[in-house]
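Hi,

Here is the structure I promised to pass on. Have a look at it first, and my notes follow underneath.

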Amino acid sequence: MPKKTQGLKPDSVLKNYWNDNGQFADFFNAVLFDGEQVISPDELEDADTEESSILEHREYAESIKASRDNIKIHKRSTAYGVELAMLGIESQEHIHYAMPMRVMGYDYGTYKKQYDRNAKKYQKKDEMTDDEYLSRMKRTDKFTPVITVVVYYGDHPWDGATTLHGMLNIPDKMKPFVNDYKMLLVEARQNDLIFHNMTNIAFFDMLKVVLDKSITKNEAKEKVIKYAIEHNVDKTVVMTVAGATNRKIDYHALSKKGDVTMCTLFDEIEKEGMIKGIQALIESLQEMEIPYNKTQNQLMVKFSLSEDTAQEYMDKFWK
């Protein structure tokens, strides 16, 4: 018998969503070119998301493992040849305070993979200078540029750094001499991106409502129900919104229309959010060595639970 509810893992559902070339191209046109249609979906090709590499030191070699969420090659023929760029999306459910460094690592892995592939051509010194042979790279060799955009799906404003400098404690006089690295950040909860793809428009419009903490859950529910009905939002978009915000939805209800689908989604969001809060409180108090019975009493007070319900959650999350 199929499960009535199904958890949608953010990583999986978002990778699947951004695999679509139309949505992917529209997103990058919005982020990079203010909505101008520079990148066409038929110019995109899937690339390997695995960016593991070997970082070589004088005395040892270190393996660096990294896997991107989504990356595609943008290939365009011009009068001067073929233009290439690699476009990557990294999805974040939570704020990551080391994200600029992570993006730098992802981009390095992509460049290192290109370098390693290029270097295999130069195992012999034929027609190479000493410097080129030492570099395993000719002076005229060029790599494909990499652009990475971080999409943050949390409900709190991003308060982490967006540059490597923002992670460092640097005296002002030293800043000009310390190399920086910036990341491109898009907050799903609040942005002014110009989309043309109708699926992206619905996706981000609904995310803004779900993640809006300035309105009540009932107000958010009413707004999204109205939006879904008026715009005939497809079930897969609703599922992606639920997955991106790490919620559970009722698959049976999703086969129904309009307000039933959206009411179920928001009821599950509210319930799932409370359960996460209960689990976090139990684990936190247990780490602080607060006794079992006092922790249960805290649950009853904070979440207005009956003794039996609080006991059920204690049995589930107390380790």
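**Salt bridges and other finds**

Aspartate 172 is exposed, with a relative accessible area of 62%. Before I go on, a word on the source: this is a predicted model, where local features need pLDDT of at least 70, side-chain atom pairs count only at pLDDT 80 or more, and totals for chains, interfaces and linings use all residues. Residues are numbered from 1 along each chain as its sequence is written, and side-chain values use heavy atoms, with hydrogens and water left out.

On the terms: buried means under 20% relative accessible area, exposed over 50%, and partly exposed in between, with a 1.4 Å probe and protein chains only. A salt bridge is a side-chain nitrogen of Lys or Arg within 4 Å of a carboxyl oxygen of Asp or Glu. Helices (H or I, at least four residues) and strands (E, at least two) are DSSP runs, numbered from the N terminus.

Back to aspartate 172: lysine 175 forms a salt bridge with it, the closest N and O atoms being 3.7 Å apart. Lysine 175 is partly exposed, at 38% relative accessible area. Elsewhere, Arg68, Glu90 and Asp107 are joined into one network by salt bridges that share partners. How many salt bridges does a search of the whole structure find? It finds ten.

Two more of them involve strand S5 (residues 70-78). Arginine 76 in S5 pairs with glutamate 43, with 3.3 Å between the closest N and O atoms. Glutamate 43 sits in the loop between H2 and strand S2 (44-46), so this pair links parts of the chain 33 residues apart. Arginine 76 is partly exposed at 23% relative accessibility, whereas glutamate 43 is buried at 17%. Lysine 75 and glutamate 45 also meet in a salt bridge (3.5 Å, N to O). Lysine 75 is in strand S5 and glutamate 45 in strand S2, so the pair ties together parts that are 30 residues apart in sequence. Lysine 75 counts as partly exposed at 37% relative accessibility, and glutamate 45 is partly exposed at 37%.

Now the inside. The largest nonpolar core (buried Ala, Val, Leu, Ile, Met, Phe, Trp, Tyr and Cys residues joined through side-chain atoms within 4.5 Å) has 38 residues. Trp18, Phe27, Tyr153 and Phe203 have the most contacts inside this core. Among the elements that each supply at least two residues are helix H1 (10-18), strand S6 (81-92) and helix H5 (198-210). H5 gives the most, with seven residues.

A few backbone spots to click on:

- Aspartate 34, in the loop between H2 and S2, has phi near 55 degrees, a positive value in a residue other than glycine. Aspartate 34 is exposed at 62% relative accessibility.
- Arginine 136, in the loop between helix H4 (130-135) and S7, has a positive phi too, near 50 degrees. Arginine 136 is partly exposed at 24%.
- Glycine 160 lies in the loop between S7 and strand S8 (184-187) and is buried at 17% relative accessibility. Its C-alpha atom is 8.1 Å from that of methionine 99, 61 residues apart along the chain.

Last, helix H11 (residues 307-317) holds aspartate 308, which is exposed at 59% relative accessibility.

Cheers
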